[in-house]
Amino acid sequence: MKHDRREFIKKAGWTFIGSGLYINLFSAGPALAGSRSSALKNLYAFIVNTETCIGCGKCAAACRAENSVPDGNYRTWIERYTIMHSGSVEVDSPHGGEKGFTPLSFNPADIRKSFFVPKLCNHCKKPNCVQVCPVGATYVSPEGFVLVDEKRCVGCSYCMQACPYSARFMNPVTHTADKCTWCYHRIRQGKTTACVQVCPVGARLFGRVDDTDGPVAQLLKAKRLQVLKPETGNEPMVLYVGLDKEVH
Amino acid sequence: MIFDNATRQTNQNNTPAAYTKRQTYRTRHEEEASFMKAYDHIIRFALLITAVIAGFFIIRARLVPESFGVQGSYSYAFYRADSADEQAALPAVHQGSAHCSACHAPQASLRQTNAHAGLECETCHGSFKAHNNNTKERMAVSGSVDACMLCHAALTARPAQFPQIDSFSAHVAQQNETLLPGMTCVTCHDPHAPM
Amino acid sequence: MHDIVTSGFLFPNDLHAHWSLMIVLYPYITGLVAGAFIVSSLYHVFGIKELKPVARFSLVAAFAFLMFACTPLLFHLGHPERALNIMFTPKFTSAMSGFGYIYNFYLLIVLLEIWFVYRPEIIRRARETQGPLKALYWCLALGSLNDDEASLGLDRKIISVLAAVGIPSACILHGYVGFLFGSLKSNPWWSSPLMPVIFLLSAIVSGISILIVCYWLVCRFSDLKLDTGCLTAMFKYLWGFFILDVSMEGLELLTHIYEAHEEWHIVSLMLSERLGFSFYTLQLGICSVIPLIALGFVVLKKMQDATRIRLGLICSVLILVQVLAMRWNVIVGGQLFSKSLRGLTSYTPTILGREGLLAALVLFMMPFVVMYVFNLILPLFNKEAESQQ
C-alpha cells in the first residue's frame, strides 16, 4: 500500500506536468503526419448504411430491452431527414424512432429526398468524453470500447456536455452517465450487438477491423465512408455509408 | 500596517531599537531559542497542514479500488480495470435464432427458405429474455397489420426497392381480393414464409 | 414542475439541461471570491491605502464565499458521496479534475493569510478573555501566543508573500472556471478562448460590487463610519474592470456574429428566442450600459458625496445582476440548443427541490452567515483605527 501511494504521487505529479504538454501538444505531430497514432488498439468498427435503413426502429427497441435503458433516454435512435426541393430540411425522431415512423404530411412532389440515419455512441478513438471525465470513470477498454464505470462516476454531467453527438444521458436510476456500450457484454461473450442482430435489412454492421474476411473489413475496403462531425477531432469509429451533408 | 494600534501598544517594549540592542549580547544558544520562538506558530501550522495532507493520503489509500490505475494510456485508459470485466459479465438478453431453432425447428427451417430468411426470430418476436427465464412467457407477435406495417408501410425515407404498401385496404384491393372483417396480413402471408 | 418547451429537432437526449441553477450559482460564488481577494490584494500588495477599511473584510469575505463555492456542486452531483473521487483518482486530462486541488490550495492561502493578519488580534483576545472564549482563541492561535516583534515581522513578510501568491491563484481559480466551459469544443456557445478572460473579469467586478454593497450595508446598520474615500476608490476600480469586462463580452459576441460559423445560426436563434430578456436586455442592455455611464460620472464628475455613493451603489447592484445574468446566459444558454443544431429546448428552475430556487437562495445566504459568525469571534472592521483617523 505504501509503495502504491508513493507510486501514485510520483505518477500523478509526472502526469500532471507531462500529460498536459506531451500528450496534448506533441502527440498531434504524428497524427498530422498521417499515422493514426494512438496508444490504444481500436479493434472494432461499426458501419451504418443509411441507404438500406428502413426506419423500423427494431434496433432502438432491442437496445432498450438488452440494456434496460430507462424510458425517455436513448443509447441509440433513428432520425428521419426529409430534404425539400426548396432546400429546407425537416428532421424528426419520434420516441427516438423506437416505435417506427408514420408518413409525413408533405406533398411528395416537394420532397427532393428522404432517408433514415441511425445514431449511437461513436466509440471515438480520441473520445472527448473520456478526456473530460475528472475521476477516470469513463475510459477506453482494451478492445477500444468507450465504457462508463457506474461505481466510480460522480454524476457531474461533464461528459454529456463534451460529447458532440449527445450519445450520453444521465441514467435516472443509477444517477450516473450512461451510453451505448456497443453491447460490450455480448461482444465479450462472442455474440454481436443487439441492434445489429435484430436489424432486418443489415443496415448495421459490427465487427473487427483486422478480420479481413469479416463484413466490416470488406465494407471498409469497398465503400467510401464518412463519420459524423469529423471536425471535432474525436475520430469516431462509427462509419456511415451514404451520409448526407445535412446530417450533424 | 495591517495590525491594529491596540495590538501595537502591547508590543511597545519590543521596539526595534531595544530589540537589536538586546540581540547584541545574546549567546548562540539564546539566538537559536529566539529563532525557534519566532517560528513557533509557523511550525505548528505546518504540522497541522502536514497532518491533514497525510490523513488525506491514508484515506485515499483505503478508498481507491485496487484495480484502479493507468491501463496502458493515461489519457484514455485511466480506470478501474475490474469495471470492464464486471460489464462483460452482464447476461445477454437477445439469444439469436440458432438458440430458438433448438425447440422450434419447423418454423426455423420454414423461415430459411423465404423472403424473411435473413431475419432473426427476435426481430419480430422481441427479446428472448422472459421466455428463457423458465416462465415460458409466450413470445407471440400480435398478428395485427401494424406489426407488419412497422417495416412495410410506404415511407418516402425508405429505400424504393424495399417492399412497401400504402395501406392495408389499398393493398388488398390491388391484389383483387375482397376486404373481409378480421382480415390481416397473416390471412394471406405466413410471416415465417411470406412470399 | 415546468414543462419543457421545444422547437425544431433535438437529439432525443438533449431535452434536459444537465447543468442546472446550481451550476449557475457555482461560478457566481467562485467569482465573488476572486473579486474580493483582488480587493484585499490591492491593499496588501499594491499598497492602495484608500482600501484599508475593507482590507480585512475583503479577505474574510473571500474566505466566506470560498467555503460555499463547492456546495452548489454537491447539490448538483448525481453521487455527492463520491465527490472526493475527484481528489482520490484525479484524471488531469480533464479540466474539471484540477478543481479539488486548485480549490484547496487557494483555500489554504486565504486561510493562512487571514490567520497571519488576525494573529495579533487572536493573541490579544486569548490573553484578555476568560473561560471557553479563552480556549477558543487559544485554539485559533494554535497554542502559540508569541507576538514579539520578531514573529510579527516574520508574519508581515509572509502576508505579503501570500497576498502576492494569492493574486495568480485567484486568477487561476476563476480563469479556470471559465476554461471549464471555454475548452468544450462540442459547444459553440462555450468554446472560446475569451471565456476564461470574461469569467475572470466578471468575477472581479462582481467581487468588488458585493464588497461595496456589504460595506455600505454594514455602515448603514452599525455604528461604523462610512469611509467615502475607500468607497470612491472601489468605484474607480469597479469602473475600470467593468469597462474591460463589457469590452471582452462585446468582443466575444462580435466575433461569433462576424465569423458566423455553421453553429451560429442556432446560437443566435437561442439568444433571441430563449434569452432575449436575460442576455440582450439585462446583460448587454440595462445592467451594462447604465453602470458604464453612471460609474464614469461617479468617478470623473464632481458631485456631492451622498449622490456619489447612492449612484455608485445602484451601479454595484446592477453589476451584480449583470454578472449573475451572464453566468445564467452562458451556462443555461449553452444547453438550450441541441447538438443537432436544429432545435431549442427550455429550462426553468423549480422552486423547491435539491436544485431549486429556494435551495440556491439559502445557499447564497450562507457566506453572509459565515461573515456574521466570524465577526462575533474576530472583528471584520477595524473600529479603533477608524476612530483615530
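Here is a walk through two interfaces and one small sheet in this structure.

Keep in mind that this is a predicted model, where local features need pLDDT of at least 70 and side-chain atom pairs count only at pLDDT 80 or more, while totals for chains, interfaces and linings use all residues. Residues are numbered from 1 along each chain as its sequence is written, chains are lettered from A and ligands numbered from 1 in the order in which they are written, and side-chain values use heavy atoms, with hydrogens and water left out.

Let's start where chain B meets chain A. Here 43 residues of chain B are in contact with 56 residues of chain A (contact means heavy atoms within 4.5 Å). Together the two chains bury about 4,200 Å², with 61% of that on carbon and sulfur atoms. Buried area is the accessible area (1.4 Å probe) that two parts lose on being put together, summed over both. Look for B:Tyr76, B:His94 and B:Ala157: they supply 17% of the area that chain B buries against chain A, more than any other three residues.

What about charges? The rule finds 3 salt bridges across the interface of chain B and chain A (a side-chain nitrogen of Lys or Arg within 4 Å of a carboxyl oxygen of Asp or Glu). One of them links B:Glu86 to A:Lys151, with the closest N and O atoms 3.2 Å apart.

Now swing over to chain C, where 37 residues are in contact with 51 residues of chain A. The area buried between chain C and chain A is about 3,700 Å², and carbon and sulfur atoms give 54% of it. Across this interface there is 1 salt bridge: C:Arg342 pairs with A:Glu246, the closest N and O atoms being 3.6 Å apart. Helix α4 (residues 85–88) of chain C gives the most to the side of chain C that touches chain A, with 3 residues (helices are DSSP runs of H or I, at least four residues, and strands are runs of E, at least two, numbered from the N terminus).

Finally, peek inside chain A. An open sheet of 3 strands runs in the order β3-β2-β4, with antiparallel pairing (two strands pair if DSSP finds at least two bridges between them). In chain A, β3 (89–92) and β4 (111–120) stand at the edges, each with a single partner strand, so one side of each has no neighbour in the sheet. Strand β2 (residues 76–84) of chain A pairs with β3(A) over 4 bridges, and A:Ile83 stands opposite A:Val89 in β3(A).
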